[in-house]
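Work through the exercises below with the sequence and the structure open. Each task is followed by a solution in steps.

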Amino acid sequence: MEDYHQEKVLIIDFGSQYTMLIARRVRELSVYCEIHPPWLTIKDIEKLKPKAIILSGGPASVLQPRSPKIDKQLFELGVPILGICYGMQLLAELLGGKVAHSGKREYGPAELFIDDDSDLFSGVRGKTPQEKASVQLHHDSGDERKGIKVWMSHGDRVEVLPEGFERIAHSENSPYAVIRHKEKKLYGVQFHPEVAHTPQGKEIISNFLFRISGLNRLFNPGNFIDSAIQKIREQVGNKKVVLGLSGGVDSSVTGVLIHKAIGNQLTCIFVNNGLLRLGEEELVLKVFKKHFKIPLRYVDASELFLKSLKGVKDPERKRKIIGHKFIEVFTKEAKKIKGAEYLAQGTLYPDLIESTSFRGPSSKIKSHHNVGGLPKKLHLKLIEPLRELFKDEVRTVGRALGIPEEIIWRQPFPGPGLAVRIIGEITRERLEKLKKADAIVREEIESAGLNQEIWQYFAVLLSLKSVGVMGDERTYENVVAIRAVKSLDGMTADWADLPHPFLGKISNRIINEVKGINRVVYDITSKPPGTIEWE
């Protein structure tokens, strides 16, 4: 087994909205990376033993007195470094260059002219003859050097290079848009190669990782599984582990991975809180108890949860009640397992970002069901084998573990279940309406073969009613919203532009098949400004 941690890229985050994208681009190239805050000491960084370092962008200006900084000794470690936007400006400023406010800010698409394509821009396509002819036709500068499309987002720019640096690309507004110190392998780019709006950004990042830094492609499902199994065995020894299984892809992959590592030392506990999707409990029992033969304890606590939620309308209070009740039920069941010392969770990167300010100061958006620490009375140590993976990486690992596709492509599902998809009070009657409507949405999207194109799709039961006409009678019934979004990792998302006739078919089925619903609407809000879930 080749240890992919030996080929680690350290991403230092200065608060950029694109930092997670940088990590994704690096991992898509089969290189392991970690995100860390700028206040790491040089000793901390040396302990991490990175083979390359990327300095992210950020909202601050290096000219501000309290802007985030790094130790200048970083540039003397002999490790290749790529500074992006703010990261480039910080690199230049710390090494003796001059950064100033730009007379003309650049936000959005720009053309970058390549002056040297020997390393960072090796193989990156410039202007075609047709594009050059178009430039000349419109009486522009007619710059014959290679021009590529990039995405800029900056108000400052480098005006004087540090000693030993040279320019390797420029834009109309940035004379030093890309710089390098070839001997020390220090590079800075003013644009964002990690975003989709820089079409050849992946090639540029690839050149930094492989051509400049000499890294190898070691981060793959097989190596991850081998490494995770070894870590689990070393951490757990001969002790027992309990896992709260939900049937979603995260806890499912966690369960199968741990079971592969330690066998029947793992016991899964499946708590039915009554807020599951239609047919969920049957599927979980079939796959894990019968297919994988994993020890599984099933607890039907639906009545307890619904009773606790009676009259509750506030979404955060719903989450807290469900979280507390889950811990109560789970703890009671876990204590029956003699010798259990570890609790496993299917925590992922995005969970940590949104809940615990993993990378430094950030706003807490909402509480997550599977993070936030263990209850003291449980006396179990935590094991989270997937905590550094993105959702698509979890699915890839799940497939390598032989988990059925119907589980791998299960929709992301919130810990509180359908409670946060029922706006307002939860009653058994409202819950049944939503279960049926949601099943229709999922059935139609999956039948159309759209389930692997859309990140998440579901129905939401709203708290309002509307007037309608069914037959010759006036109705005053519930409204359902359909939510479908496209995303790479759940951190940002765009609403899915589904064909209108297709939406009409779903709407017609819901209104005709679910008694008590007479209107269906489609949510066209992206994240941000909205969240994927309504509550």
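**Exercise 1.** Leaving aside its neighbours within four places in sequence, which residues is I12 in contact with? Also decide whether I12 is buried or exposed.

Solution. The model is predicted.
- Step 1: locate the residue. I12 belongs to strand β1, residues 9–12.
- Step 2: list the contacts, with neighbours within four places set aside. I12 is in contact with H36, P37, P38, I45, I53, I54, L55, S56, I70 and L74.
- Step 3: check the accessibility. Buried means under 20% relative accessible area. I12 has 1% relative accessibility, so I12 counts as buried.
- Step 4: compare sequence and space for one pair. I12 and G87 are 75 residues apart in sequence, while their C-alpha atoms are 8.8 Å apart.

**Exercise 2.** Describe helix α10, residues 315–334: its span, its N-terminal end and its packing.

Solution.
- Step 1: work out the span. The helix has 20 residues, and at 1.5 Å a residue it should span 28 Å. The end C-alpha atoms of α10 are 28 Å apart, which agrees.
- Step 2: look at the N-terminal end. D314 caps α10 there, with a side-chain oxygen 3.3 Å from the backbone nitrogen of E316.
- Step 3: pick out the buried residues. Among them are I321, I322, V329 and F330, and also K318, R319, K325 and E333.
- Step 4: find what they pack against. The partners of the buried residues are strands β10 (240–244), β11 (266–272), β12 (296–300) and β13 (340–344), together with helix α9 (302–308).

**Exercise 3.** How many residues of helix α7 are buried, and what phi does G263 take?

Solution.
- Step 1: check the length. α7 covers residues 249–262, and its first and last C-alpha atoms are 20 Å apart, close to the 20 Å expected at 1.5 Å a residue.
- Step 2: count the buried residues. They number 13 of 14, so α7 is mostly covered.
- Step 3: move past the end of the helix. G263, just after α7, has a positive phi of about 60 degrees.

**Exercise 4.** Place N273 and find what its side chain reaches.

Solution.
- Step 1: N273 sits in the loop between β11 and α8 (280–291).
- Step 2: its relative accessible area is 7%, so N273 is buried.
- Step 3: the side chain of N273 reaches the backbone nitrogen of L275 at 2.8 Å.
- Step 4: beyond four places in sequence, N273 is in contact with S302, F305, I322 and G415.

**Exercise 5.** Where does the largest nonpolar core lie with respect to domain 2 and domain 3?

Solution.
- Step 1: the core has 46 residues, and V242, L275, I454, L498 and I510 have the most contacts inside it.
- Step 2: helix α14 (residues 428–447) supplies six residues, the largest share of this core.
- Step 3: domain 2 (221–409) and domain 3 (428–522) both contribute residues, so the core lies between them.
- Step 4: take L275 as an example. With residues up to four places away not counted, L275 touches residues including L306, L309, I322, F413 and L431.
- Step 5: another core, of 44 residues, lies apart from this one and includes V241, C268, L276 and V284.

**Exercise 6.** How do strands β7 and β8 run, and how many bridges join them?

Solution.
- Step 1: β7 (residues 166–171) and β8 (residues 178–181) are antiparallel and joined by three bridges.
- Step 2: one of the bridge pairs is E166 with R180 in β8.
- Step 3: the two strands form a hairpin, with six residues between β7 and β8.

Definitions and conventions. Residues numbered from 1 in each chain as written. Predicted model: local features only at pLDDT ≥ 70, side-chain atom pairs only at ≥ 80, totals over all residues. Heavy atoms only, no water. Helix = DSSP H or I, 4+ residues; strand = E, 2+ residues; numbered from the N terminus. Expected span 1.5 Å × (residues − 1). Buried < 20%, exposed > 50% of the residue type's maximum accessible area, 1.4 Å probe, protein only. Contact = heavy atoms within 4.5 Å. Polar contact = N/O pair within 3.5 Å; in protein donor to acceptor, adjacent residues only side chain to side chain. Core = buried A, V, L, I, M, F, W, Y, C linked by side-chain atoms within 4.5 Å. Domains from an automatic or database assignment. Pairing = 2+ DSSP bridges.
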